[in-house]
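Visitor: Could you take me through one part of this model up close? I'd like to see how the sheet and the helices lying on it fit together.

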Amino acid sequence: MSSLSNKVFTRDELVALADEWRRHGDHIVLANGTFDLLHVGHVRYLNGARRLGDRLVVAVNSDASVRELKGEGRPFMPADERAEILASLAAVDAVIIFDEPDVRAVIRALRPNVHAKGTDYTAESVPERDTVIDCGGRVAIVGDPKEHSVTELIARVGGRKSREGR
């Protein structure tokens, strides 16, 4: 990895770092997703999440969990590259790659003050909501309306390719 890898942590490293941040009075926000191909909707989501606290941690699905969620042929980029791209964003303080199908184990380990999800959810429909509350946090919905998606982007690019090939 590049020099940006100093923002990509193992779970144990991240827990220790979060404890240090808390000792300094920082509020921790957790955002998560596959981030298969970064687009403006992701950037707006992460910037919105960052505004909710002092430190933003982004949890990225591993390659195996992306395949489980999105199907064969995904992800398009390996997890370490997705993590490195996210780590390069100014709003992001730390990145973790997780193997589980959802982010509950990361929430239990990190105990964020806020778990930020995109506008395709409501505060009540976030799957990890109960875990966040059990860990003393709250759920917040951030970002712009769900008008951007990797699936849509790929379909548009694929459509252009086939028209160009004629």
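Guide: Start at V29, which stands opposite V114 in β5. This is a predicted model, by the way. The two residues sit where strand β2 (residues 28-33) and strand β5 (residues 114-117) run parallel, joined by three bridges.

Now zoom out a bit. The open sheet has six strands, paired in parallel and ordered β1-β4-β3-β2-β5-β6. At its edges you'll find β1 (8-9) and β6 (138-141), each pairing on one side only.

Next, look at what lies on the sheet. Helix α2 (residues 40-50) packs there and touches β2, β3 (55-61) and β5, so you're still in touch with the strand pair we began with. The direction of α2 makes about 160 degrees with that of β2. Within α2, the buried residues are G41, H42, Y45, L46, G48 and A49. Because they cover an arc of only 160 degrees around the axis, they end up on the same side of α2.

Helix α4 (residues 79-87) also packs on the sheet, touching β1, β3 and β4 (94-98). Its direction makes about 160 degrees with that of β4. Here A79, R82, A83, L86 and A87 are buried. Their arc around the axis is only 135 degrees, which puts them on the same side of α4. As for what those buried residues pack against, it's β1, β3 and β4 from the sheet, plus the helices α2 and α3 (63-70). That ties α4 back to α2, the helix touching β2 and β5.

Definitions and conventions
Residues are numbered from 1 along each chain as its sequence is written. This is a predicted model: local features need pLDDT of at least 70, side-chain atom pairs count only at pLDDT 80 or more; totals for chains, interfaces and linings use all residues. Side-chain values use heavy atoms; hydrogens and water are left out. Two strands pair if DSSP finds at least two bridges between them. Helices (H or I, at least four residues) and strands (E, at least two) are DSSP runs, numbered from the N terminus. Contact means heavy atoms within 4.5 Å. Axes are lines fitted to C-alpha atoms, for helices over the stretch in contact, and angles run from 0 to 180 degrees between N-to-C directions. Buried means under 20% relative accessible area, exposed over 50%, partly exposed in between (1.4 Å probe, protein chains only). The arc is that of the directions from the helix axis to the C-beta atoms.
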